[in-house]
Amino acid sequence: MAKKTTTAQRPFVERLTSNLKTADGRPRNVTLGPKTLIVGPNGSGKSSIQQSLQLALLGSADDLVGRDEVRDNGLLMSMVSAERLAIHAKLSSGEDYTFIAKDSGKPTHDAGIEAKLPLHEIREALAASPATARKAFLGWAAKSVTAADVAEAVPAVYKAKYADISASVGRGKSPVDALLATLEYVGKRQRDAAKEASGAEALLTGMAHDLDTAPTQEDLAEAQDAQADAQRRVLAVKGAHAHQSRVLGQIQGIRGQLAKVDPPEAPKVEETDRRFYESMATASGIAVDKGLASCPLCSSAVGHAHLKACATFYETEAKAMTVPDFGPRVNRPFLQSQLELLTNELAGIDADLLALDPVAIEAESRAAQEAYLNLRNTVDRWSNLTKARDTIAEMTMESETYKGMKKELEGVVADLLKRVADGFTAKVQSYLPTGWKFGMLLEDNGKETFRLGLVQGKKLRSALSGAEWATVTCALAMAVSSDVPADRPVLVMPEDRGWDAATLGKVLNSWFGFDGQVVIGTPTKPKKVPAGWTVIDLGQAEGEEPVVEEPAPSIVEAATFKVYVPSAAMSAMLKALGYTDAVIATLNAEKAAHIVANGISMGGAQ
């Protein structure tokens, strides 16, 4: 059998530091290779290394208490016995990836170039419906399909519609992804249109219940005119009664004024006499106020008492001549003329309108308005009914259009699947052990399906064992990663399955040609580990000791561990017990073996 070779290596995680699930909360350092086998019994820490890799590269991890893509701070902190969870991954290209979580706040994830862990999307697609799996498979396998290939496959009747939709939902996508996005959109529009048609049908049924005969435009015009006439009658009757009330009030007011008694006439007083007495009262009053003893008119020495008596006399006479104000007298001729005008105005008010009861007339107007509104409502219901029928017809037609387009596009997907299936199958096959034959079933008894597995004879066996399923899904993940840019790290980590030693050795050999990183954890030790694989031994497992080709220490390692250079497995176990690189450098092989054999922690050794 020809020895497999690998292509130019992508960046890979070469060193991992993490305190996830460590017993004392101290970080554990792990040295990894492009292809790494972690061997150890259950509970030895295999899964913690793999989960640490996921957290460092993606910021989330699977298989934590049965959940996928866990980012929950509280859940992550339950997996560490220190005050914080700290993970650091160093890539062969020099890129650093870190993940930090504390008891409070959100975890922080600092990543370099985006890493790809393809197994998650493989598992998610295969766990979904056959239709979803087919679409996912087409997206993986048909990378070489061009936009012209897709456009040519779309039937002429749908080409224009496909071009419009794909230009929107497929903007920036590959031709195949644009096709799948268009198919998804068409399927959604078909369902939405069918739902709208169903809703309109239900509305139609409710609207048609107890619906009167559709009124004509003449019926509606007559009812509207009757409403307007009734409203005008209300205004006219109310206006007549208001007019009558106002005129009667004015008549009553004039009659009240005519009934008043005129005030008495004021006595006649000569103006000159009044002015004389007022002047004399003023002059004598001033003389009194000034304390004079002589008369202010003739200068006779009459004395102060005489002047005071004169002032009192003249004031009394002046007041007696003041005319009292008895108020205006009634202008009876004017009021009589106004009363006659109002009486004539009252007689001119329409007697027929006054004979009508405003309350009854208003009730008739409300009835006319209600009749018109009911008729208007019936017209509107018939209009909505017509619109609902139009909507049903339109949505039904749209649903049928999208249904037909969906079927045709599914046919395009099926044809493309058949075109690319052989090439993709060969790519997956290249990552399977010799003697294993990968196969897919895209059609069964004329119906589209999607099953994959291993071919035995002429039959496809889909019921695979755990180890077989892990091998096949990893081969799929490796095949779909071939188009990832060469500067991006790709990591494939299969589930921990019950491998037998012989099968595991073959599987490891078949994966060596993958240019990404593979990290596999298992309690099983293969009889012989293929060259190029880094082995991390986390403890004694059942079975024979593997024959592992240990790589020689690098110049850096030799410089760091001047006294003692342990194997990668021994270094991992010492660090799991809390020993630092500096302390390990002071050990010898016998001391290190004694520490590991007796499980002596760093604190216990001190």
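**Sheets, cavities and an aromatic pair in a predicted model**

In strand β6, the bridge partner of T98 is D110. The model in which this pairing is found is a predicted one, and the pairing of these two residues is part of the link between strand β5, which covers residues 96–102, and β6, the two strands being paired in the antiparallel sense over 3 bridges. Both strands belong to an open sheet of 5 strands, in which the order is β2-β1-β4-β5-β6 and the pairing is antiparallel. The edges of this sheet are formed by β2 and by β6 (108–110), each of which pairs on one side only. From one strand to the next, the twist averages 10°.

Within this sheet, strand β1 pairs with β2 and also with β4. The pairing of β1 with β2 is antiparallel and extends over 4 bridges, and here L16 has V30 in β2 as its bridge partner. Strand β4, made of residues 84–91, is joined to β1 by 5 bridges, and these two strands likewise run antiparallel. In this second pairing, T17 stands opposite H88 in β4. As a general point, the side chains of a regular strand alternate between the two faces of the sheet.

The space enclosed by the structure was examined next. A search of the whole structure finds 3 cavities of 30 Å³ or more, and the largest of them holds about 40 Å³ of space. The lining of the largest cavity consists of L16, S18, L20, R28, V30, S48, I49 and S52, and the elements that give two or more residues to this lining are β1 (13–18), β2 (28–31) and α1 (46–58). Helix α1 provides the largest share of the lining, with 3 residues. The bridge partners L16 and V30 are thus found again in the lining of the largest cavity. When the lining residues of the largest cavity are sorted by class, 4 are nonpolar, 3 are polar and 1 is charged.

The second largest cavity has a volume of about 30 Å³, and its lining is made up of P11, F12, V13, L57, P489, V490, L491 and Q517. By class, this lining comprises 7 nonpolar residues and 1 polar residue, with no charged residues.

Among the pockets, the second largest contains about 490 Å³ of space. It is lined by 27 residues, of which Q54, D62, L117, H120 and R123 are the closest to its centre. Two or more residues of this lining are given by each of α1, α3 (119–127), β10 (491–492) and β11 (517–522), and α1 gives the most, with 6 residues. Helix α1 therefore provides the largest share of the lining in the largest cavity and also gives the most to the lining of the second largest pocket. The residues that line this pocket divide into 10 nonpolar, 8 polar and 9 charged.A further open sheet is formed by 3 strands in the order β7-β8-β9, with antiparallel pairing. The edge strands of this sheet are β7 (438–444) and β9 (459–461), each pairing on one side only, and neighbouring strands are turned against each other by 55° on average when direction is ignored. Strand β8, which covers residues 447–456, is joined to β9 by 3 bridges, and the two strands run antiparallel; in this pairing, V455 stands opposite L460 in β9. Helix α13, made of residues 358–429, packs on the sheet and touches β7 and β8, and the direction of this helix makes about 165° with that of β7. Helix α14, residues 466–480, lies across β7, β8 and β9 and runs at about 115° to β8.

Strand β8 also takes part in a contact between aromatic rings. In general, a pair of aromatic rings is described by the distance of the centres and the angle of the planes. The count of aromatic pairs in the model comes to 9. In one of them, the ring centres of F137 and F450 lie 5.6 Å apart and the ring planes stand at 45°, so this pair is classed as tilted. Because F137 lies in helix α4 (residues 130–141) and F450 in strand β8, the pair ties together parts that are 313 residues apart in sequence.

How values were computed. Residues are numbered from 1 along each chain as its sequence is written. This is a predicted model: local features need pLDDT of at least 70, side-chain atom pairs count only at pLDDT 80 or more; totals for chains, interfaces and linings use all residues. Side-chain values use heavy atoms; hydrogens and water are left out. On a 1 Å grid over the protein atoms alone, a cavity is a set of points where a 1.4 Å probe fits but cannot get out, and a pocket is an open set with protein on both sides within 12 Å along at least five of seven lines; lining residues have an atom within 4 Å of a point. Grid points are joined across faces, edges and corners, and a volume is the space filled by probe spheres set on the points. Ala, Val, Leu, Ile, Met, Phe, Trp, Tyr, Cys and Pro count as nonpolar, Asp, Glu, Lys and Arg as charged, and the others, Gly among them, as polar. Two strands pair if DSSP finds at least two bridges between them. Axes are lines fitted to C-alpha atoms, for helices over the stretch in contact, and angles run from 0 to 180 degrees between N-to-C directions. Contact means heavy atoms within 4.5 Å. Rings of Phe, Tyr and Trp (its six-membered ring) pair if their centres lie within 6.5 Å; planes under 30 degrees apart count as stacked, over 60 as edge-to-face and the rest as tilted.
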